[in-house]
Amino acid sequence: MLFNSLKSVLLTLYLFSKSIFLTLFLFSVNAIAHAETTLVAVASDFTKPMTEIAAEFEKATGHSAKLSFGSSGKAYTQIQSGAPFEVYLSASEKYPLELEKSGHVVANSRFVYAIGKLVLWSAKPGYVDDQGQVLTKGGFQHLALADPSHAPYGVVAEEVMAHLGVLEKLRPLFVQGENISQTFQFVSTSNAELGFVGLAQVIDIASGKIGSGSGWIIPDTLHSPFRQTAVLLKTGAENPAALALVNFLKSPTALAIIEKYGFGLPK
Amino acid sequence: MLTSADIATLWLTCKVAGLATVLMLILGTPLAWWLARTTSRWKGVCNALVALPLVLPPTVLGFYLLILMGPSGPIGQLTTQLGLGTLPFTFGGLVVASVLYSLPFVVQPLQAAFAAIGDRPLEAAATLRAGPLDTFFTVVVPLARPGFMTATILGFAHTVGEFGVVLMVGGNIPDKTRVVSVQIYNHVEALEYDQAHWLAGGLLAFSFSVLLLMYSALKAHPVAHQLK
């Protein structure tokens, strides 16, 4: 009697544990089969929004995205040399087009994920007026911008100055950051009185306005469209996570994040 | 081929590296002498401080120099009060930053050379009534000659090859702070690979000739000769 009951208890325990193991096993197989990881090269100006988008992406799909931040030009050179990136979020249109020509891109995968916005900014409150008249008035020694020879923010900054007719007058005052983050550091440490930075760098997310110092959000009409362009690279053509990420970047969740950080939405 | 802008960056690099090397030798020699001879308990601290720039990534060091030398930094306020303005984005700022960054490459070979001399030549000089300065220039400097050569070569070469600090502190201004390493980087970023190859090749050839010249000079006057 005692033996029988003990036996039934043991049997129950055995079956119970077996089912737990089986469930766990099935779960893990499930996870292995469906949760993939994708490696993404991200333009440094898109660091903040992309970090948040990646977190939402993991929540929504179970896939994960590993982000590598840097200048778009550097990532371009690395991709040309066989870097294992699967998705490339460039700050400009130029590099994705070049990669298309060299056959690194999945056909028809190129799309604009955000519109960059340029700000003339100073760490000093009240220094930059909301019309940018400080540029014509002068009275400063250094004007920071990203290097126009390769950085997209520098290219549009030059266009704005050309439009206002002050480009050649201001050129001797240029100090050039290697990328937009370095340009921001020149201005935020007050070594340059003012400079052209990205809205994402100076926006206060809670209020949607420029957080500190003073700035002029430059209207899109003063420069050519600043289309931040992404492509799916051939390395990621077979990876469901890469495909899912490209789709997720167009989702309402992602667009809301992109807008919150001071980018325009693709039309 | 090399454009006139490329050649301007080469010339600027020579000026920065040359001036920085001279300054590092002037500053580094007494410092290395003190470090080699002292029994002070601060020796360890000073040794560590001199070696610190080796640890920090150049762009990080550049960032802090930007803060320190900027209008609200202590060095920046000092230079402003002295009527010099602030140092970032100037030739002077580039030289100061290079001196700080490359100093360990000058101090350490000198310190090793001074320590290797030992007490005996100094004592011998003293018995011959040589004063400290006389001893230093007629006994120590000739004996430490290989150390001086190594320090000069390393200090110069390291400044020529520097990128992160000068990019940060210099602001990449043509003819003023755009040195050759920054120019090569610019060419690469702008996808002008041909120009990058030419300039990098030119820099390599130039650096190789300078180093070869210095090492041949070192070989032509072996130390053993002077020890006799």
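The following conversation concerns a predicted model and the reasons behind some of the terms applied to it.

Visitor: How is chain A made up in terms of helices and strands?

Guide: Chain A has 11 helices and 12 strands.

Visitor: What makes A:Q201 part of a helix?

Guide: A:Q201 lies in α9 of chain A, which covers residues 199–202. A helix needs at least four residues, and the run 199–202 is listed as a helix of chain A.

Visitor: Why is the approach of the A:Q201 side chain to the backbone oxygen of A:I180 called a polar contact?

Guide: The side chain of A:Q201 comes to 3.1 Å from that oxygen of A:I180. The limit for a pair of N or O atoms is 3.5 Å, so the distance of 3.1 Å falls within it.

Visitor: What does the A:Q201 side chain reach at 2.9 Å?

Guide: At 2.9 Å it reaches the backbone nitrogen of A:G198. This value is also within 3.5 Å, the limit for a polar contact.

Visitor: Which residues is A:Q201 in contact with, leaving aside neighbours within four places in sequence?

Guide: They are A:K48, A:I180, A:S181 and A:F184. The word contact is used because heavy atoms lie within 4.5 Å.

Visitor: What can be said of the largest cavity?

Guide: The space in the largest cavity is about 140 Å³, and the search of the whole structure, which takes cavities of 30 Å³ or more, finds 3 of them. The lining of the largest cavity consists of 17 residues, and nearest its centre are A:S71, A:S72, A:A91, A:A151 and A:P152. Two elements of chain A, α3 (72–80) and α6 (152–164), each give two or more residues to that lining.

Visitor: What classes of residue make up the lining of the largest cavity?

Guide: It has 8 nonpolar, 6 polar and 3 charged residues.

Visitor: Why is B:S207 the polar residue in the lining of the second largest cavity?

Guide: That lining consists of B:F156, B:A157, B:V160, B:F206, B:S207, B:V210 and B:L211. Phe, Ala, Val and Leu count as nonpolar, whereas Ser is in neither the nonpolar nor the charged list and therefore counts as polar. The result is 6 nonpolar, 1 polar and no charged residues.

Visitor: Which element gives the most to the lining of the second largest cavity?

Guide: It is α11(B), with 4 residues. Both α8 (145–160) and α11 (193–220) of chain B supply at least two residues there, and the cavity holds about 50 Å³ of space.

Conventions:
Residues are numbered from 1 along each chain as its sequence is written. Chains are lettered from A and ligands numbered from 1 in the order in which they are written. This is a predicted model: local features need pLDDT of at least 70, side-chain atom pairs count only at pLDDT 80 or more; totals for chains, interfaces and linings use all residues. Side-chain values use heavy atoms; hydrogens and water are left out. On a 1 Å grid over the protein atoms alone, a cavity is a set of points where a 1.4 Å probe fits but cannot get out, and a pocket is an open set with protein on both sides within 12 Å along at least five of seven lines; lining residues have an atom within 4 Å of a point. Grid points are joined across faces, edges and corners, and a volume is the space filled by probe spheres set on the points. A polar contact is a pair of N or O atoms within 3.5 Å; within protein, one must be able to donate a hydrogen and the other to accept it, and residues adjacent in sequence count only if both atoms are side-chain atoms.
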